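Work through the exercises below with the sequence and the coordinates open. Each task is followed by a stepwise solution.

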Amino acid sequence: MLPVRRKGSSSAKAARRQTSLVPAGLLQNAFGEIRDRREKALGKSIRAAGIAAISAWALAAGGAMAQAPTTLTMGVGSPVTSLDPHYHQLSPNNAVSDMIFDKLVETDDKARMQPGLASEWRAVGPTVWEFKLRPNVRFHNGSAFTAEDVVFTLQRLPNVPNSPSSFAAYSRPIVRMEIVDPLTIRFHTASPYPLLPLDMTNVRIIDAQTHANATTEGFNSGQLAIGTGPFRVVQHRSGDRIEFERNNEYFDGVSPFERVSYRMVTNDAARTAALLAGDLDFIDQVPTTDLARLRNDQRLNISETVGLRLIFLGLDHLRAANENSPLITDNDGRPLGRNPLKDVRVRRALSIAIDRTAITSRLMEGAATPAGQFLPPGTFSHVPDVQAPAYDPDGARRLLAEAGYPNGFRIQLNSPNDRYINDARIAQAVGQMWTRVGVRTAVEAQTWATFVGRAGRQEYSAFLIGWGSNPDGSHPMRNIIGTVSREKGWGASNRGRYSNPELDALLDQALVELDEKKREEMLIRIQRMAAEDVAVIPIHIQTNIWAMRRNLTHAARVDELTRAQDVRPAAAR
Amino acid sequence: MSVYLLRRLIQALGVVFAMSVIVFIGVYAIGDPVEILISPDADQIERERAVRALGLDLPLWQQYLVFLGKALRGDLGNSFVFNEPALQLILQRMPATLELAIAATFGAVLIGLPLGLYAGLRPNSVGSKAIMAGSILGFSLPTFWVGLMLIMVFAVQLGWLPSTGRGDTAEFLGLQWSFLTLDGLSHLLMPALNLALFKISLVIRLTRAGVRETMLMDYVKFARAKGLSPFRVTFVHVFKNILIPVVTVTGLEFGSTIAFSVVTESIFAWPGMGKLIIDSINVLDRPVIVAYLMIIVLLFITINLIVDLTYSLLDPRVRLEGK
C-alpha cells in the first residue's frame with residue numbers, strides 16, 4: 001500500500017506534534033526496521049527509519065550554531081574505494097577524484113560543459129579535435145601541467161591492472177594524439193566523433209613525471225594522489241575517511257575551507273543523526289523519510305536539484321509476438337502463447353496505468369519528478385513537449401481490450417530492493433496500479449547482486465531499474481534502446497533487448513554529426529520515437545538532496561557528486 | 001596435550017577448506033561480480049576485459065584451483081573493489097573491531113558478574129529484582145535501536161559524546177588504537193556500551209542462575225557449617241564453580257562480537273571488519289568474503305581452544321586428552 005501522507009499544517013503545529021509523538025514513532029519505525037532488515041537479509045543492512053524521530057527530538061533540543069568553520073566535515077553515504085582516478089568508474093570515487101584532479105573539460109552544477117584544464121576546444125577537421133590548454137597550471141608537487149600529461153593520462157586509461165570498470169572507453173575513439181605545442185593538443189579519431197569533449201569530462205589528468213609507473217596502491221596510500229585540483233590529500237583511511245587540505249595555488253578559486261574531512265557514514269540514520277549532533281557539517285543522500293522534518297529544522301539548510309537518474313521499467317522485447325515471455329501467463333496461470341509486450345498498445349496501456357504523481361508525491365515525498373523521457377528539462381536533447389504520460393486507467397483498459405486482452409493477463413514485475421531510493425516500494429505501487437487495470441501483477445524484489453545478473457540474462461518480463469545519464473541524450477539512447485551490438489558498443493544496458501532499425505539508423509547518424517544543432521534535432525527525433533513506441537516505461541527522475549548546517553550553502557549538482565568545492569560558507573545574515 | 005592440540009589443528013584446517021569451497025559456490029550462485037562492479041554503460045569489449053582482469057573468465061573449478069594454489073603460498077587474492085590484498089584489507093580493519101569487542105566483553109564481565117552475583121545471593125531484594133528486569137530489556141531490545149537511542153540522547157540531545165567515527169588514534173604495537181587517546185575513548189564508549197548491553201544481561205543471568213544453584217550444594221552448606229566467612233564461601237567455593245558456563249558463553253560471545261558486530265559498526269560508522277564484510281557481500285567481492293570467513297573460522301577455533309584450556313584450569317576434573 002502507498003503510505004498515507006501526513007496532512008500539512010503550519011510548521012509550528014507540526015513541530016509540536018512531532019515532538020510529542022516521538023517515542024511512539026521511533027519505536028514503530030525501529031521495529032519496522034528490524035523486520036525490513038530480516039527480509040532484506042544482508043541487503044543494504046539497516047537503512048534509516050528511526051531518524052525521522054531523531055530529527056524531531058533535535059528540534060526540541062535546539063542549540064547555537066558555530067561560526068563559519070575553517071574545517072569542513074562531510075559525511076557521504078557511499079564508500080570511496082580508491083584514490084586512483086582511473087581504477088574504478090564509480091560515482092563516489094569520481095567525486096573524490098574531482099577534488100584532487102582536474103579534467104580538460106569540467107561540468108558545472110547543471111552538467112553543462114565548462115573550460116577546465118583546457119581553456120577552449122573545437123573541431124578543426126571532421127576527425128580532428130583541438131584543445132588549447134590552460135597555461136601556468138601546476139600539480140600539487142610543483143610539476144607543470146602540459147600536453148604531455150594529457151597524452152600520458154589517455155595512454156594509462158586502458159592499462160590499469162585489475163580494474164573492475166575502466167575508463168578505457170574514453171580513449172578508444174582516439175587513434176592518434178598530436179602535441180602541437182606544450183599547450184595545444186590534437187586528437188585524431190577514426191570517424192567524426194562529436195562526443196569527444198563530453199568524454200573528456202570523465203578523464204582526470206595525472207602527471208607524466210610523477211605518475212610514471214604509478215600503481216593503484218600508490219594512489220590509495222595518498223602518496224601519489226597528486227593532481228592539479230582544489231584539494232590535496234593529507235591522509236586516506238580506506239573505508240573510513242579522507243583528510244584534505246586546500247590547494248592554495250588552485251587556478252579556479254581557492255576553497256574557503258582550510259581543511260576538509262571527508263567521512264564515509266553509510267548508515268542513513270547515523271548520517272542524519274551525526275549532522276544533527278554537529279559531528280558532521282554536511283551530508284549527502286538524505287533519506288526521503290526524514291526530508292520533511294529536516295526542512296523544518298531552523299539549524300539546517302537543504303540543497304536539492306532534479307538529477308539525471310531516471311527510474312524506469314524495462315520490458316521484454318526479446319521474445320517474438322508469438323512466443324511466451326518468461327513471467328507472463330494468462331489469468332489461469334497457463335502459458336499465453338504470445339508476448340503481449342510486443343504490442344505497443346499493451347506497452348502504452350501499462351504506461352498510462354501508472355499514477356506517476358502519486359508515486360513521486362507520496363512514496364518519494366516529493367523527491368522525484370514524473371518523467372516521460374530520459375533526460376530532465378534544461379539538458380541537451382530534452383524534448384519539451386514529451387510529457388510524463390498522464391494517469392488514465394480507463395484508457396489503459398480500453399487499449400488492453402483493443403489489443404485482445406479485455407480480461408488482462410498475469411505478469412511478474414521484478415525489482416531490486418537495495419539499489420535505488422524506495423525501489424521495491426515503487427515496484428509494489430506499480431504492481432497495484434497494473435492490477436487495477438486488469439493486469440494481475442506479482443511483484444518480486446531481490447537484492448541487486450541477484451537481480452542485475454538475472455535481468456542481464458533476460459529472465460524477466462518486466463523489471464524496474466535506474467539509469468544515471470550523461471547530460472546528452474545519445475548516452476541513454478545507445479545504451480538502453482540501441483540494438484545490442486558488440487561492434488558498435490551499443491546496448492550495454494539494453495536488458496529488455498529493444499530493437500528498432502529505424503531508430504538505430506538515426507542514432508548512427510547522430511553519433512557522427514559534428515553540428516550540435518543538427519545533432520540535437522536528431523536526438524530529439526529519436527527520443528520522440530522511443531516515447532511513441534514505449535521502448536521503456538519511464539517513471540520518474542530522482543531529486544538529489546544534500547543537507548548542511550545553516551552557515552553553509554551548496555551548489556546542488558545534477559550528477560549526484562558530493563564534492564567539497566561546491567560548498568561555501570553562507571553569507572552572513 | 002600435544003596430541004590434543006594437533007588434532008584440533010587438523011580439524012581447523014578441514015573446516016577452513018570446506019568453508020572456502022562453500023563460499024566459492026555460494027558467491028557464484030548469488031550473481032556475477034562484474035555485473036555489479038562495472039559501469040552500466042560499459043560495452044562488451046570493456047566487460048570482457050573486466051571479466052579477464054578479475055580472473056572470472058575461467059570455469060569455477062579452475063578459479064578455485066588458482067585460488068587454492070595462491071592460498072597455499074599465503075596469498076588470498078586481491079579484492080575486486082580495492083585492488084589490495086584481501087588479507088591486508090581485513091587486518092587493517094581488525095584493530096578497530098578487536099578494540100570494540102574487547103571493550104564490550106570486558107565491560108560485560110566487569111558489570112555483569114557483580115550484578116549477577118548480587119542478584120543470586122539476595123534473590124528477593126528489590127535491587128536484584130530491578131537488575132533482573134533490566135536484564136530482560138538488555139536481552140530483548142534490538143542493538144541498532146538501542147544504538148540510535150544512545151546517539152539520540154548522548155550525542156544529539158545532550159551533546160556529551162560524539163555520534164560517529166573512531167576519533168583520534170594513537171599508535172601502539174604498530175597499530176592504531178582509539179583507547180589511548182581521550183577523544184578516541186569518547187568515541188569508543190557508546191558503541192562499546194551498545195555491544196555490551198546484550199552480553200551484560202547474559203552474564204547477569206548466567207551468574208545468578210549459577211549462584212542460586214550452587215548455594216544449595218552440599219559443599220557450600222558444609223563450608224558454611226564449618227564456620228567459614230560468607231566472603232570466603234562466596235568467592236572461593238561458589239564463584240569458582242559458577243565460572244565454567246560464564247567463561248564458555250563469554251568466549252563464544254567474544255567471537256561473535258568480532259565477527260558480527262556489523263550493526264553497531266554501521267550505526268556508529270566504526271571502521272571495522274563488520275562494515276567491510278557487508279560492503280563486500282553487497283558487491284560480491286569474493287576474495288574479501290573468503291578471506292574474512294577463513295579468519296573468522298580460525299578465530300572461533302582459537303577461542304574454543306582457549307575456553308577448553310580455561311576449563312581445565314578452573315576445574316581439575318576436566319581432562320583435555322579425550323579418548
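**Exercise 1: Two residues with positive phi**

Asn213(A) is exposed, with a relative accessible area of 77%; exposed means over 50%, buried under 20%, and partly exposed in between (1.4 Å probe, protein chains only). The model is a predicted one, in which local features need pLDDT of at least 70 and side-chain atom pairs count only at pLDDT 80 or more, while totals for chains, interfaces and linings use all residues. Residues are numbered from 1 along each chain as its sequence is written, chains are lettered from A and ligands numbered from 1 in the order in which they are written, and side-chain values use heavy atoms, with hydrogens and water left out.

Task: locate Asn213(A) and Ala269(B), and give the phi of Asn213(A) and of Ala269(B).

Solution.
- Step 1. Asn213(A) belongs to the loop between α5 and α6 of chain A; helices (H or I, at least four residues) and strands (E, at least two) are DSSP runs, numbered from the N terminus.
- Step 2. Phi of Asn213(A) is near 60°, a positive value in a non-glycine residue.
- Step 3. Ala269(B) sits in the loop between α11 (262–267) and α12 (273–282) of chain B, and its phi is positive too, about 45°.
- Step 4. Ala269(B) is buried, at 3% relative accessibility.

**Exercise 2: A histidine in a loop**

Task: is His211(A) buried or exposed, and which residues does His211(A) touch?

Solution.
- Step 1. His211(A) lies in the loop between α5 (196–200) and α6 (216–220) of chain A.
- Step 2. The relative accessible area of His211(A) is 1%, so the residue is buried.
- Step 3. Not counting residues up to four places away in sequence, His211(A) touches Phe152(A), Ile206(A), Phe219(A), Leu224(A) and Ile226(A), where contact means heavy atoms within 4.5 Å.

**Exercise 3: An open sheet**

Task: in what order do the four strands of the open sheet stand?

Solution.
- Step 1. The order is β4-β5-β7-β6 in chain A, with antiparallel pairing; two strands pair if DSSP finds at least two bridges between them.
- Step 2. β4 (118–125) and β6 (174–181) of chain A are at the edges with a single partner strand each, so one side of each has no neighbour in the sheet.
- Step 3. From one strand to the next, the twist averages 20°.
- Step 4. β6(A) is joined to β7 (residues 184–189) of chain A by six bridges, and Arg176(A) has His188(A) as its bridge partner in β7(A).
- Step 5. Helix α4 (residues 147–156) of chain A lies across β5 (128–133), β6 and β7 of chain A, at about 165° to β6(A); axes are lines fitted to C-alpha atoms, for helices over the stretch in contact, and angles run from 0 to 180 degrees between N-to-C directions.

**Exercise 4: An enclosed strand**

Task: how many residues of β10 (residues 259–264) of chain A are buried, and how does β1 of chain A pair with β10(A)?

Solution.
- Step 1. Five of the six residues of β10(A) are buried, so the strand is largely enclosed by the rest of the structure.
- Step 2. β1 (residues 71–76) of chain A pairs with β10(A) in the parallel sense over six bridges; Thr73(A) has Ser261(A) as its bridge partner.
- Step 3. β9 (residues 241–246) of chain A runs antiparallel to β10(A), joined by five bridges, and Ile242(A) stands opposite Tyr262(A).
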